[in-house]
Amino acid sequence: LIPTMAVLRSAAEPVASLAQELARLRSPWPGDRALLPRAIAITDRWRQGPFQGIIGFVPAGSWVIFRDYELQPHDRARTGAYIRGLCRDRGLRFLVAGDSELAKSLDADGFHAPERLLKDVAALRATCRDWLITAACHSLKAVQEADAAGADAALLSPVFPTRSHPGASTLGVPSLRDIVSQTRLPVYALGGVTVNNMCQLRGIGLAGVAGIDLFGAESVDAESLADCRVPGSSTHP
């Protein structure tokens with residue numbers, strides 16, 4: 001199945017709000033970094049439902065990381081092939097999380113390394129030179145390791161409280177800002193990021209944001225968005 005016109009129409013307003021906040025988050029970068037997306041969508045069928053109902057909410061030019069670790073190997077391969085097709089139809093780059101062999105078999109555009117697999121990134125960079133490689137990181141040390149190994153970007157989390165880990169400790173904006181200031185590696189904020197709190201991330205130097213719940217019909221609260229302010233500022237930039 002492909003996204004229906006009704007899905008695409010319902011996505012128009014949330015996508016426009018997200019695109020507006022992404023433009024405020026990061027100015028165009030020069031050189032090769034200009035090719036980096038401002039948004040990375042991560043799949044999770046248990047929280048999102050089937051991805052064909054979500055892809056219409058993903059802004060053009062984004063990357064998609066296929067996660068869905070809970071699926072059995074055969075089902076994960078089949079689902080991955082389907083999502084890859086959806087991404088190709090919309091011109092979105094498709095990365096596979098946690099399984100480089102599956103990424104190869106699906107002819108993916110790249111690989112997303114969980115933090116436990118950072119040790120494998122250097123070898124993958126050497127053998128899969130055309131791949132986009134992102135890395136999950138939870139500390140400055142991990143970001144530095146990903147940079148040294150040749151990753152293209154780090155997804156740093158959790159920035160804000162999340163639905164999936166209620167009560168868990170978070171980095172917060174000050175720590176996020178501090179880590180970004182100490183690395184040359186492009187960093188994406190992950191974990192509890194919404195259109196409504198994205199204004200708190202402006203001016204940090206992020207490459208963009210990543211998320212699961214960030215994309216969908218319920219991702220924007222217009223009233224909260226109207227009240228959003230950058231800390232220390234009384235007006236929108």
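The following paragraphs describe the overall build of one protein chain and then its two largest pockets. The model is predicted.

The protein chain contains eight helices and eight strands. Of its 237 residues, 51% count as buried, where buried means under 20% relative accessible area. The contacts within the chain can be considered by their separation in sequence. Among those between residues at least 6 apart, 58% join residues at least 24 apart. Toward the outside, the protein chain exposes about 11,300 Å², and carbon and sulfur atoms supply 54% of this area.

Attention now turns to the space left between the atoms. Such empty space is revealed by rolling a probe the size of a water molecule over the atoms. The largest pocket holds about 770 Å³ of space. Its lining is made up of 35 residues, of which Arg67, Ser164, His165, Leu190 and Ile212 are the closest to the centre of the pocket. By residue class, the lining of the largest pocket comprises 15 nonpolar, 12 polar and eight charged residues.

The second largest pocket has a volume of about 260 Å³. Residues lining the second largest pocket include Asp32, Arg33, Leu35 and Leu36, together with Gly61 and Trp63. Arg93, Leu132, Ala151, Asp152 and Pro186 also belong to this lining. Here the division is six nonpolar, one polar and four charged residues. The polar residue is Gly61, because Gly is counted in the polar class. The charged residues are Asp32, Arg33, Arg93 and Asp152, since Asp and Arg count as charged.

Conventions:
Residues numbered from 1 in each chain as written. Predicted model: local features only at pLDDT ≥ 70, side-chain atom pairs only at ≥ 80, totals over all residues. Heavy atoms only, no water. 1 Å grid on protein atoms, 1.4 Å probe; cavity = no way out; pocket = protein on both sides within 12 Å on 5 of 7 lines; lining within 4 Å. Points joined across faces, edges and corners; volume = space filled by probe spheres on them. Helix = DSSP H or I, 4+ residues; strand = E, 2+ residues; numbered from the N terminus. Buried < 20%, exposed > 50% of the residue type's maximum accessible area, 1.4 Å probe, protein only. Contact = heavy atoms within 4.5 Å. Areas by Shrake-Rupley, 256 points an atom, 1.4 Å probe, with all protein chains shown as cover.
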